[in-house]
Amino acid sequence: MIKAILIDPFTETVSRVTLVDTKLQTFRTLLDCDIITMAGLANGVDMILDDEGLLKDSKSQAYFKMGINSQPFAGKALVVGTDDEGNTVSLPENITTEKVFERVIFFKPSEKYIEESCEMKFIPF
């Protein structure tokens with residue numbers, strides 16, 4: 001059994017979950033996605049998320065950041081521990097749902113922001 005933390009921007013919740021295995025299909029089902037990616041958060045702590053989350057329709061997507069200076073992430077994410085060999089393991093005891101919740105910023109971009117980010121802009125030299 002692996003202890004992890006699920007970030008759900010759709011419900012704006014952060015909750016502890018227990019994984020029975022680390023199979024790809026388990027992650028895909030939990031995160032409701034087809035392709036996953038991993039992002040390093042700290043030594044021994046990674047985040048598993050939807051690799052195509054930022055490509056999905058923004059009107060039906062939910063977003064979050066891990067702190068004010070973080071890049072945006074889209075869809076659900078799973079915070080997990082990793083060992084020296086890169087295997088998924090339980091989170092260290094000092095990583096709690098409360099600590100993760102304090103860092104997470106849930107947001108929904110405005111229509112203007114989405115339209116502007118889709119426009120191609122040229123910056124003169």
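**Note on the predicted model**

1. Buried residues account for 38% of the 125 residues in the chain, and the reader should bear in mind from the outset that the model is a predicted one. The surface that the chain exposes comes to about 8,200 Å², of which carbon and sulfur atoms supply 53%. Among contacts in the chain with a separation of 6 or more, 59% are between residues 24 or more positions apart.

2. On secondary structure, the chain contains three helices and nine strands. Read from the N terminus on, the elements follow the order β-β-α-β-β-β-β-β-β-α-β-α, and the points below refer to the strands by their labels.

3. The N-terminal pair deserves a look of its own. Strand E1, residues 2–8, and strand E2, residues 13–19, run antiparallel and are joined by seven bridges; within this pairing, Lys3 of the chain stands opposite Thr18 in E2. The two strands form a hairpin with four residues between them, and the turn includes Glu12, whose phi is positive at about 55°.

4. Two residues other than glycine call for a check of their backbone angles. Most residues other than glycine have a negative phi. Glu12, with its phi near 55°, is a non-glycine residue with a positive value; Glu12 lies in the loop between E1 and E2 and is partly exposed, its relative accessible area being 48%. Asp32 likewise is not a glycine and has a positive phi of about 55°; its place is in the loop that runs between helix H1 (24–31) and strand E3 (36–42). With a relative accessible area of 60%, Asp32 is exposed, because a residue counts as exposed when that area is over 50%.

5. A further sheet is formed by three strands, is open, and has the order E6-E5-E9 with antiparallel pairing. Its edge strands are E6 (73–74) and E9, each of which pairs on one side only. Between E5 and E9, which run antiparallel, there are four bridges, and Lys65 has Ile105 as its bridge partner in E9.

6. Which residues have the most contacts inside the largest nonpolar core? That core has 17 residues, and the ones in question are Ile7, Met47, Phe64, Met66, Val100 and Val104. At least two residues of this core are supplied by each of E1, strand E4 (45–50), strand E5 (63–66), strand E7 (77–82) and strand E9 (104–107). The largest share, three residues, comes from E4. There is also a second, separate core, which has eleven residues and includes Ala4, Leu6, Leu19 and Val80.

7. Phe64 can be followed through its contacts. When its neighbours within four places in sequence are left aside, Phe64 is in contact with several residues, among them Ile7, Met47 and Val104, which are also listed with Phe64 as residues with the most contacts inside the largest core. The contacts of Phe64 further include Pro9, Gln71, Pro72, Phe73, Gly75 and Ala77, as well as Ile105, Phe106 and Phe107.

8. The structure holds one salt bridge, and a reader interested in charged side chains may wish to inspect it. The bridge is formed by Asp50 with Lys56, and the closest N and O atoms are 2.6 Å apart. Are its two partners buried or exposed, or something in between? Asp50, at 5% relative accessibility, counts as buried, whereas Lys56, at 34%, counts as partly exposed; the assignments differ because buried means under 20% relative accessible area and partly exposed means between that value and 50%.

9. The surroundings of Asp50 complete the picture. Asp50 has its place in strand E4, and its side chain makes a polar contact with the side chain of Lys56 at 2.6 Å. The side chain of Asp50 also reaches the backbone nitrogen of Glu52, at 2.9 Å. Leaving aside neighbours within four places in sequence, the residues in contact with Asp50 are Cys33, Ile35, Lys56, Ala74 and Lys76.

Conventions. Residues are numbered from 1 along each chain as its sequence is written. This is a predicted model: local features need pLDDT of at least 70, side-chain atom pairs count only at pLDDT 80 or more; totals for chains, interfaces and linings use all residues. Side-chain values use heavy atoms; hydrogens and water are left out. Buried means under 20% relative accessible area, exposed over 50%, partly exposed in between (1.4 Å probe, protein chains only). Contact means heavy atoms within 4.5 Å. Accessible areas come from the Shrake-Rupley method with a 1.4 Å probe; for residues, only the protein chains shown count as cover. Two strands pair if DSSP finds at least two bridges between them. A salt bridge is a side-chain nitrogen of Lys or Arg within 4 Å of a carboxyl oxygen of Asp or Glu. A nonpolar core is a set of buried Ala, Val, Leu, Ile, Met, Phe, Trp, Tyr and Cys residues joined through side-chain atoms within 4.5 Å. A polar contact is a pair of N or O atoms within 3.5 Å; within protein, one must be able to donate a hydrogen and the other to accept it, and residues adjacent in sequence count only if both atoms are side-chain atoms.
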